[in-house]
Amino acid sequence: MATGDAWSEVEIEAVVADYLHMLMLELSGQKYSKTVHRMRLLPKLDGRSEGSVELKHQNISAILLELDRPWIVGYKPRKNYPHALYDVLVNRLENDKKVDELIEVAVDQPAIAPIVPTYTNLLVDAPVIKEVAESVNPNKVRQRRGVKKDYLAAEASNRSLGSAGEEFVLNYERYKLLQFGKEKLSQKVEHVSATKGDGLGFDILSFDVDGAEKYIEVKTTAFGKEAPFYVTRNELSLSKEQPEHFYLYRLFEFRSKPKMFSMAGSLSEQCLLDPVSYLARFG
């Protein structure tokens, strides 16, 4: 079969089933081998290469991201997927509730801030905004409404996860200042959302090495780097009023191996904001 030939429905069903099985194992905290899964999947396909299977896995991640569901982090979301793949995946999610049941458990799990000896490899580049126009398929939009559940909001309301992320950043900021010999400044770093309450528009008061204040808002997710996050009116307003002081720290993959990117300045210039809910996306 030619590499560029369209995938049959049987092939798409097989790759979706394989991906969702791996995702459920991951959400359950169980180990699995992607290589073993791929070797078992390939005989079910019509001469597909490992690279083409990898691409379909990335396409499935992109669809799950659009549906505000977690995806397998190792398969970075890649758009421009065939509508047939979307339709099969949505049908599976509508008719098999196991995935959603595991997601619900995952987003509600309590969390604690990990203690790390060094923050090497913590920081990564922030996602680049990618606004891509795509034609609207009425059937696709109608199906999307049927399967869309606000797991992002559910995770955002997990106070244990949020507090653990804030504590992690508090320790990181103190550590960073100590590395520059700024012990007095490190002692002034404050977890203001805990000491002064929510509503200030930021969680951590910290400082640059020159003593300038940093207003840090922390957003934490157990899922991937590209996962959207909710922004409050207070956070958005503060980022516009104090762009020289405002920082957003995004922690992701928090339960496995925390990573983080930061954005400085007005959030309206850093993200694509849904004006109704202020859901911040990157594409």
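In this predicted model, strands β1 and β2 lie side by side as an antiparallel pair, joined by 4 bridges. One of the places to look for this pairing is phenylalanine 207, whose bridge partner in β2 is glutamate 213. The two strands form a hairpin with 5 residues between them, and glycine 211 adopts a positive phi there, near 95 degrees.

The hairpin belongs to a wider arrangement. An open sheet is built from 4 strands in the order β1-β2-β4-β5, and its pairing is mixed. Its edge strands, each of which pairs on one side only, are β1 (204–207) and β5 (259–264). On average, neighbouring strands of this sheet are turned by 30 degrees against each other, direction ignored. As general background, the strands of a sheet pair through backbone hydrogen bonds, in either a parallel or an antiparallel way.

Where does the parallel part of this sheet come from? Strand β2 (residues 213–220) runs parallel to strand β4 (residues 246–252), and 6 bridges join them. Following this pair along, valine 218 stands opposite tyrosine 249 in β4, while lysine 219 stands opposite arginine 250 in β4. Helix α8 (residues 159–179) packs on the sheet and touches β1, β2, β4 and β5; the direction of α8 makes about 140 degrees with that of β2. Strand β2 is mostly covered, with 7 of its 8 residues buried.

A further open sheet has 3 strands, arranged in the order β3-β7-β6 with antiparallel pairing. Here the edge strands are β3 (229–230) and β6 (272–273), each pairing on one side only. Strand β7 (residues 279–281) pairs with β6 in the antiparallel sense over 2 bridges. For a concrete example, leucine 272 has arginine 281 in β7 as its bridge partner.

Turning to the helices, the axes of α1 (residues 9–27) and α2 (residues 34–41) come within 11 Å and cross at roughly 160 degrees. Because angles over 145 degrees count as roughly antiparallel, α1 is roughly antiparallel to α2. The crossing of α1 past α2 is right-handed. On the α1 side, the residues that meet α2 are Ala14, Val15, Asp18, His21, Met22 and Leu25, and their counterparts in α2 are Lys34, His37 and Leu41. Sorted by class, this contact of α1 with α2 has 5 nonpolar, 2 polar and 2 charged residues.

Key
Residues are numbered from 1 along each chain as its sequence is written. This is a predicted model: local features need pLDDT of at least 70, side-chain atom pairs count only at pLDDT 80 or more; totals for chains, interfaces and linings use all residues. Side-chain values use heavy atoms; hydrogens and water are left out. Axes are lines fitted to C-alpha atoms, for helices over the stretch in contact, and angles run from 0 to 180 degrees between N-to-C directions. Angles under 35 degrees count as roughly parallel, over 145 as roughly antiparallel, 65 to 115 as roughly perpendicular and the rest as oblique. A crossing is left-handed if the near helix is turned anticlockwise from the far one by less than a right angle, and right-handed if clockwise. Contact means heavy atoms within 4.5 Å. Ala, Val, Leu, Ile, Met, Phe, Trp, Tyr, Cys and Pro count as nonpolar, Asp, Glu, Lys and Arg as charged, and the others, Gly among them, as polar. Two strands pair if DSSP finds at least two bridges between them. Buried means under 20% relative accessible area, exposed over 50%, partly exposed in between (1.4 Å probe, protein chains only).
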